[in-house]
Every structure is written in C-alpha cells, then in structure tokens.
Amino acid sequence: MRKLIQSLTLSLLCGYVSAQAQEFKLNTSSGYLQNKGVDVMAFDDIYPEGHQSGVSIIMHGNRVATNGDIRFEPTPGQWQPVPIQRNRVSDGTANSITTWLSFPDSSRHLKGFNPMIYPDFQFNYTVTVRGEATSVVVTVDLDRPVPEQFVGKVGFNLELFPGALFGKPWIMDKKQGIFPQQPNGPTFSQPANYLHSGHFNPTPQTDAGHLSGHNRAYNPIIADDIIAEPYAIGRRFTVRPDDPYNKFTIESQEAELKLYDGRMNHNNGWFVVRSDVPAGATQGAIRWVITPNVVNGWFYPAVIQTSQLGYHPNQPKIAIVELDKRDSKREKPALYKITEEGETLVNMAPGQEWGQFLRYNYLKFDFSDVREEGLYQVHYGSSVSSVFRIAGDVYERGAWQPVLEYFLPVQMCHMRVNEKYRVWHDLCHEDDARMAPVNCNHIDGYVQGPSTLTQYMPGDVVPGIHIGGWHDAGDFDLRVESQAGESYILALAYEAFQLGYDATSIDQIKRVTEIHQPDGKADILQQIENGVLSVVGAYRALGRLYRGIICNDLRQYVLLGDAGAMTDGIIGNEDDRWVFTENNPNRELTAAAELAAASRTLKGFNDTLSVQALDAAREIYRVTEVTDNFSQSAKIHAAAELFLATGDKAYKDYLLAETDFVVQNISRVGWFVARAEKAMKDSKFSQAIREALPGLREQLEKQAAETPYGIPYRPRIWGAGWDIQDLGYRYYFLHTAYPDIFAPDMVYNALNFVLGCHPGSNTASFASGVGSKSATVGYGLNRADWSYIPGGVISGTALIRPDFPELLEFPFLWQQVEYVLGGGSSHYMFLVLAARQLLSESKNIHS
C-alpha cells in the first residue's frame, strides 16, 4: 500500500510539474537558460578535462550533466583532445547561446602542461543551445563532413555525474537499466585515433611514442582502442525516471543515442550519453532535445554554514545562512544547546541581511556572545547545521594533530609507512633518479631545456637523491616548491608555537615510519628534516636545486595505490623516475629563503643538515640573478630569512637598500619582512614599513568584504581553499607584528572557511577526518577506494562558471578534493595553532 501511495504521489508530482512548467528563458545577466530551479549553461566554463565545460545541466541545486561537446572518443579522459573555443554569443531575442569551436588546439598538441595527441582532422563547428518551451534544443553544425577514418569516432558527448547515479535507474526506448557501481563488460576493439595523428606543431616538445608508451599496452593517452559496449542504444533516453528533482530526457532527432561507461577506460571516468556524427553530415549533424523535469514551487533549501569543529568561547561565532535568491521569506535563525535532556533555545534573532553573492542570498547570524561550553546547533526554518562544540579545548585534540599524525607520514617518500596492522605504502623509489632528457616537455608541467644544467648527461643516475621528501597529492612527484615550501611552513609553525608533539616514529636509516609509535622526538622537527633531506641532498648532488623528481611515463603517473609499486627499486633502468632542473630565479630564491628558515629549526636537532641547508641558502642567494619583480621579491624574502638565521649585516644592508621596493610591494612582501623588520631595529626602515601598512589593511578589508565569509573567494579552476588558507597564514604574521593595525579576524575567518563555513550545499570541513562532517573522499593515494587520509586538506569548493559553487563527493575531481604539499594541510595546521594561540592570549587578557 505504501509503495502504491508513493507511486501515485510521484506520478501526481510529475504531472503537476508538466502542467505548471514555464519555459526556458535566457537570463541575460547570468548568461544561461533558466526555468525555475533548472539551469542549462553552455560553454561558460574553461576546464573540459576536469568535467567543467560545454553544455551543463543544474537541476534543483545539483549539477547532473556536463561537458556537452564534440569529442573524438566515446569515453574521453584527461589526456584526450579538446577543442579550442573561438567565440560565444548569447542572444536574448533568439533565446539561444551559440558557441564557435575548432579542432585542433595546436597549442596543446604534444606541448605544454597536460600534452595531447590530436587526430589528423581540422574542422570548425558551432554548438547552439536554444530554449524551446519546456525543452532545450542542442544543435551542432560542422563546416565539413567527417572523413571516413573518423566516422564513428567524432560525436557529441554529454557526461553524467556517476556519484549521484550508482544504483539509480535509466530508460532507453524500451530498455531499462540500473547505473552500476563498477564498470561492467563486455568490451570491443577498434582502430585507435593514435594511428591517424596530426602534425599541428612544427616543434613538438613531447615525444608521442614515449607519451603513448609506444602503444605496447594500456596507456591513458589512448582511450578509443578498447571501450565498453554501450549499455543501451536508442533514440530517447531518460535519466532518473524515479526522481522528479533529477529526471531529464534526451531525444536525438538525427543520430542514435548510446549510453557508455567511461570508467572502463579511465578509473575517473563518468557515464556518457553520445551520438556519433553521421557520415556526410554538416548542418544539423546533431540535434538533441533535452527536457529536464521542473518541479514547480521548488526553492533551494536554506543551508546553514558553521565550523564543523566548533569554536573557542572567546572566538567570533557567525553562522552563514545561504538562501535561494528568489525566496523573499525570512525565518529567524536560532541557536540551540544540546544537553542530556534535549534541546534548549539559547538565542533567536533576525539574521543580518548580507546580500547576494554568486547565485545566492546570505544572512549572517552572530552568536559571539555565547561563551558557555557545550554542544550546539543552529536552526533556520526546517534546516539545521551540524552539531558543533563551544569549548576552551576545541583545538586541543583531533584538530591540527591529524596533519602530523597521519597526513605527512603517509605522504613520505623513500619510506615504508605502517600504522599498526595497516601498511599505507611500502618502501618506494629506492632507484631515484635518472637525469631527464633535454628538450623534454614532460607531463604535469615539467620542462627540461636544452641543457641539464649539471655535470650529468640525460639518462645518467644522479646519486644521493633517494632520501626524504613527500609525495605530492596523488601524483607521487617531488616538486622543489612543495618540498622546500612544506619544510618552511612547518619551520615557521615550530618557531611560532614550539610544538613538541610526538606520536610517530621515523627512522631515516631503516626507512620505516610507524604511525602512533612515539620515538621521543618532536614529529614536526622530523618532518622538517624529511623535506630538507630531499632538497639539500639533491642540491649537493646536482650542484643546484632540482625542479622536481617525477615518474617518466604516463602509465606510472596514473598509478592508484601503493607508491612502492611504481618502480622496481633497481637503479639505472627505464622505470626509474627522472630528475629535472631549470633556471628560475623566483623559485630558486624562494627556496633559499625556505632553507634558511628550516636551518634555524634544525639547529640542535640535526646540526649537520642545518649547516648544509644554511650553506645552500647562502650560495643560492649569492649566485642567483634577479630578473623581474617576482624574483626581486624572492631575493628580499631570502635576505629576510638569512638575516634572521645569521644576523649577518650584509643581509640587513640589502633589505635597507630595498626600502622603496618593499614599500611599493608591501602586499607581496609585507608578511615576511615583518619579522625581519622587528629584528633589524632600524627606526627609518620601521617607519617606512608602518606608513605603508594602512594601505595594505584597507586593501585586505576590501577583499574581505567581497563575500559574507569575511575572506575573498576567487577560484579559477581549483577550489579556493588553499589560497584562503595561505592568505590567513600570511595575515597571522601581519597581525602578530602589528596588532594595532591588523585585527585577528582574517585568521579566524580563513580557518572557519576551511572548517565548513563556505559557499554551496556541501558544508563539509575540507580537513579530512576533522569535525562533525568532513571530506572523507579525497584525491590521495587511496582515492580508488573512495577513501581519505586523515589530516589531508582538500582543495575545496570549486566554482562552476559563472556562479555555481560545488563540492562533490567524488574522489577523482582533483580540482575539488585533491590533497597537496607545500601548503594545504600545513597551512591548515598553522591556522588552527594560530587561532589557539591568539585565543589563549585573549583568554588571559579577559581573565
């Protein structure tokens, strides 16, 4: 009986929607088609390889489909060719959006970051998306027919987000199915596009043979030779017929629809609906009618954003309420205390109207005057926040500690990492590393110029660099900025907060790390040592800094799982990682600053390494020439840290000589000059700095006012969490040096943003395993298991252009859930420790 009632309710709801539905209209201010709670965007975004571009559908607060565009493969991945967008015009009169695109994008053919191999077919095409009553019509026009060898290869794809579809139904004509949890065979084979590669770059920087693994076995660069049979073929396809909030139908008027599973070729693939471009077709080659179900009267449910971890009694406490901008009704936010007897109302008051940001309106609910310790929850109408604590010890356990207890140990390279019964990864990369080939444009942005810049020839084994370091995210590479940068953040944290925390045993001789096995040494010092061992070891071997160490082919690069499986551990063969070098004054001088700071903290812990780090920093500072404003800033950074490390007058004199530059670039250099300025004790220099700081404060206050969160949110591709943490970290040094000019608020605001007070419906803490609700699916070494690394901090809420903040629970979206070294987790740890310190001082003042 209950099932019958549910079925009737669903039928009535869908029927009511149809009867009441309005039309899709182009919103000229937003630039996309809208019909109540459903939006159809077209080529607003810029990142097709990250599932952010083309035609996209957002239904009742969720992005359900994206990347609607012409592609050369039924199930493309990160390295498959994407078009170049020429122009985009929205036409209110025609109620349409038209985009002009072309293949190839020669700037990406065997060149640049994420190089691609383009098939030998040049053509232009347009994609027109037009609202027609309750549907959206997508039409593709080509300027020439598809050549015979590419018929069945060129088609229009629309990707469906798999995380919301597992176990959910679909219908294709008379056939029904369930989206499976894992990709299922059978597969079929066909000739690969790789066999018909174009010649679009007269000076390719990447060897196609090496990039493809010489086509000897599976390689992610080739995604069309073996693919899964389509789950269904037909003319009318319905997604989620069971759910009125996510149901939409696609009808193809020119070519068959095919439902593919992109995970058969790429673990990070999505489901794909596709129509091949018919042979000989040009105008109207593809014509789809997409009809999303529009639920009448739907409003985006209010989302209450608070810190998932909680608040110190002395801390500012502001809940943000995110509302549908069409909703003029206002409730009163209320704070409840949760006790053994139940909920008790503590405070109820009208929310402060902040206004519109992105696509939502915002209220602010300030309950800073609540200081009584306990469990709390904010209510707004039928919406509730997560339960959080107000407590004096809120930052004392399980807050910053997971970064040191789990994340940094798990990321350690040249190590076996154990956690009691568990092996996070085995001893890895003992065979590091061979000198990279010259004139090499490698995957992931590494470029080796015409010289190795060292005594080593391409392919030579470089001794002494198979020690220390941390794997960066899921890529397992060691970039100099992540290695030296991580050591630097930890060094400044040690100096500021004097951490002696010990929960881990690290043995650099036996190459074994044991999580939750204390060894009597401060974990933070052992981690600083681990980073410096890599950077200084390579510097002493190469006679210069490395750019980085990375696997040499794409099949290794996409490894999921144990880092120990990447290479065989035998030195000098073809599976060894490559070490790259470069001339980059900005990066080199920044590393010098970072090594100088690390040397200070290693004094008395590892005196030999401390001396070596300082010697390297001095020499890099001496020989590196300034070439632009960025490298000039980096040299000032190096001088400041070297002065703090040595007290040498030469570094002080250099800083004094650059007073004008420092003042003119105070927004870039002020945070690190602040500590040196206090130690220099030069009244004229101090006065010049102080006179420049009010302008910087005004600039930061203006940025903070851009959002209701008191912190700027300016994502490009990656979520802005890392940038926001970095801003809060730098701001701490301004506040502690000049508390009369800079209030501490931005430190708290940055921390709260990371801990859950950020835009969008997913209010999870970006710090995995920290808080009531956190990112427990992360882009780390265990992402294939839909798992996480405690203490890892994800990139966070991304922006689907032009105005949709999104944080999906999906382990393969690096721009939303990736972990990183050289910031990320260590910046987060720093912010927690900074808040703890500042609030402790505030408590002492109040008492």
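How exposed is Asp648, by relative accessible area? In this predicted model, Asp648 has a relative accessible area of 27%, which makes it partly exposed. Let's start from there and look around.

## A bridge from helix 8

Asp648 has a partner: it forms a salt bridge with Arg618, and the closest N and O atoms are 3.7 Å apart. Arg618 sits in helix 8 (residues 607–623), while Asp648 belongs to the loop between helix 9 (629–646) and helix 10 (649–657), so this pair ties together parts that are 30 residues apart in sequence. Like Asp648, which is partly exposed, Arg618 counts as partly exposed, with a relative accessibility of 30%.

Why do such pairs form? Side chains of opposite charge can pair when their charged atoms come close.

## More salt bridges to find

You will have plenty to look for, as the count comes to 41 salt bridges. One of them joins the side chains of Asp44 and Arg88, at 3.4 Å from N to O. Here Asp44 lies in the loop between strand 3 (38–42) and strand 4 (55–59), and Arg88 is part of strand 6 (residues 84–91), so the salt bridge ties together parts that are 44 residues apart in sequence. Arg88 is partly exposed, at 23% relative accessibility.

Another salt bridge links the side chains of Asp393 and Arg389, with 2.5 Å from N to O. Asp393 has a relative accessible area of 39%, so it is partly exposed. Its partner Arg389 is partly exposed too, at 32% relative accessibility. Salt bridges can also join into a network, as they do for Glu481, Arg547, Glu582 and Arg587.

## A buried serine in helix 5

Now turn to Ser534, which is found in helix 5 (residues 523–542). Is Ser534 buried or exposed? Its relative accessibility is 2%; because buried means under 20%, Ser534 counts as buried.

Which residues does Ser534 touch, leaving aside its neighbours within four places in sequence? Ser534 is in contact with Ile467, Gly468, Gly469, Leu478 and Tyr546.

## Helix 14, largely enclosed

The last stop is helix 14, which runs over residues 721–737 and has 17 residues. From its first C-alpha to its last, helix 14 reaches 25 Å, close to the 24 Å expected at 1.5 Å a residue.

How many of the 17 residues of helix 14 are buried? The number is 13, so helix 14 is largely enclosed by the rest of the structure.

Note on methods: Residues are numbered from 1 along each chain as its sequence is written. This is a predicted model: local features need pLDDT of at least 70, side-chain atom pairs count only at pLDDT 80 or more; totals for chains, interfaces and linings use all residues. Side-chain values use heavy atoms; hydrogens and water are left out. A salt bridge is a side-chain nitrogen of Lys or Arg within 4 Å of a carboxyl oxygen of Asp or Glu. Helices (H or I, at least four residues) and strands (E, at least two) are DSSP runs, numbered from the N terminus. Buried means under 20% relative accessible area, exposed over 50%, partly exposed in between (1.4 Å probe, protein chains only). Contact means heavy atoms within 4.5 Å. The expected span of a helix is 1.5 Å times one less than its number of residues.
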